[in-house]
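Got the viewer open? Load the model, switch on side chains, and follow the stops below.

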Amino acid sequence: MATTHARVPGEPTPTGMAILETATATVQSFSPINSIHQHLCAFHLYSHDMTRQLEAHHFCAHQNEEMRQCLIYDSPEADAKLIGLEYIISELLFLTLPDNEKPLWHSHEYEVKSGVLFMPGLPGPIQREDLDKVCKTYGKTIHFWQVDRGDELPLGIPQVMLALTRDGQLRPELAIDVQMRYGVSFEEEREKRAYMAGPKLAVHPLANGGGKGLKTELRETDCMPVDSIPRVFV
C-alpha cells in the first residue's frame, strides 16, 4: 500500500457544491493543469534526514525543452494529497545557476539508470525514449505536506527534498511495495537502461546538497512596514 495513511479532517463535499464545481468546469479555463502530459513515479528523501523516504507521483508539463514543472502528489488517485512541487531543468540551465543555488538541486542519473523512476502504465520502450533525456537533468523539489509522518494537514515550513543517488539508500520495503503494486521490476529496467548517460560533464559536485544535509528553518526578522512603500501618484 501507499505510504499515506492520514485522513484529511472535514465533512464530505456536499452534492450542491459538486454540481457547482461541474458547472464551473465547463466554463472556466484550466490551461496550466491541462498542459500536464506526463506522470512519473519516484521516491523522495528529506535532505536533512534520508531515513525519511516516500513515494512521489509527479504530474509534469514542459515550459520548453530545457525545463518542466511538476505537481507532486502522494498517490495517483483522485483523492491524492498535493504534497509538493518539482522543477526539472537541463544540464545547460543548471550550469548557469549561482554556486549557492546548486546544492538545492538533485541529479536524476541514478534514479533513471537504476530503474526506480518510471512512468506508470506506459510500455518500457516509450518510457525509455524520454527517460534518456531525464537522466541528464537536475531537479529542485520542495515538499509542503509531510504525509510520511501522518500529518492530516500541511504543517510546518516547506522542506527541501533530494533523490536517490546510489544503491543501498532506498528502503527495501518501499521498493518491494511499489514494484508489486505497479507490476514493474527495477532490476529488469536497470539492465534495459544501461546504455543511458547522465549529464555530459558528469553530476556536478555541488548538486545533491553538495554532499551535506539541508534543512529549511523559520526565523524572525524585521518586517518592512506598509507605510515605507513609495507612493505613486497618477
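A word on burial before we start: buried means under 20% relative accessible area, exposed over 50%, and partly exposed in between, with a 1.4 Å probe and protein chains only. This is a predicted model, in which local features need pLDDT of at least 70 and side-chain atom pairs count only at pLDDT 80 or more, while totals for chains, interfaces and linings use all residues. Residues are numbered from 1 along each chain as its sequence is written, and side-chain values use heavy atoms, leaving out hydrogens and water.

**Stop 1: strand β1**

Select residues 38–46, which make up strand β1. Helices (H or I, at least four residues) and strands (E, at least two) are DSSP runs, numbered from the N terminus. How many of the nine residues of β1 are buried? Nine of the nine, so to speak a covered strand. Turn it around and check both faces: Gln38, Leu40, Ala42, His44 and Tyr46 are buried on one side, and His39, Cys41, Phe43 and Leu45 are buried on the other.

Now add the neighbours. Two strands pair if DSSP finds at least two bridges between them. β1 pairs with β2 in the antiparallel sense, over nine bridges, and a hairpin of two residues makes the connection. For a landmark, find Tyr46, which stands opposite Asp49 in β2. Then bring up residues 159–162: this is strand β7, antiparallel to β1 and joined to it by two bridges. Here Leu45 stands opposite Leu162.

**Stop 2: aromatic rings**

Stay on β1 and pick Phe43, then add Phe186. Rings of Phe, Tyr and Trp (its six-membered ring) pair if their centres lie within 6.5 Å; planes under 30 degrees apart count as stacked, over 60 as edge-to-face and the rest as tilted. The structure has five such aromatic pairs. In this one, the ring centres of Phe43 and Phe186 are 6.2 Å apart and the planes are at 85 degrees, so it is edge-to-face. The pair links distant parts of the chain, since Phe43 is in β1 and Phe186 in helix α7 (residues 186–192), 143 residues away. Phe43 is buried at 0% relative accessible area, and Phe186 is buried at 6%.

Another pair to select is Phe59 with Tyr73, edge-to-face because the centres are 5.7 Å apart and the planes at 85 degrees. This pair connects strand β2 (residues 49–64), home of Phe59, to strand β3 (residues 67–73), home of Tyr73. Tyr73 is partly exposed, at 24%.

Go back to Phe43 and add Phe118 and Tyr182 alongside Phe186: these four form one aromatic cluster.

**Stop 3: the disulfide**

Select Cys60 and Cys70. A disulfide is a pair of cysteine sulfur atoms within 2.5 Å, and the structure holds one. It joins Cys60 to Cys70, S to S 2.1 Å. The torsion about the S-S bond of Cys60 and Cys70 is about 105 degrees, so the disulfide is right-handed. Cys60 lies in β2 and Cys70 in β3, so parts ten residues apart in sequence are tied together. Both Cys60 and Cys70 are buried.

Why is Cys41 not bonded to Cys60? Its sulfur is 12 Å from that of Cys60, the closest cysteine sulfur, which is too far for a bond. Cys41 is buried at 0%, whereas Cys223 is exposed at 69%.

**Stop 4: salt bridges**

A salt bridge is a side-chain nitrogen of Lys or Arg within 4 Å of a carboxyl oxygen of Asp or Glu. There are 14 in the structure. Select Arg68 and Asp130, whose closest N and O atoms are 2.9 Å apart. Arg68 sits in β3 and Asp130 in helix α5, 62 residues apart. Arg68 is buried at 6%, and Asp130 counts as buried at 15%.

While you are there, colour α5, residues 124–134: its buried residues are Gly124, Gln127, Arg128, Asp130, Leu131 and Val134.

Next, show Arg181 and Asp177, a salt bridge at 3.1 Å, N to O. Four residues apart in helix α6 (residues 172–182), they are separated by about one helical turn. Arg181 is partly exposed at 33%, whereas Asp177 is buried at 15%.

Finish on Arg193 and Glu189, with closest N and O atoms 2.8 Å apart in a salt bridge. Arg193 is buried at 0%, and Glu189 is buried at 13%.
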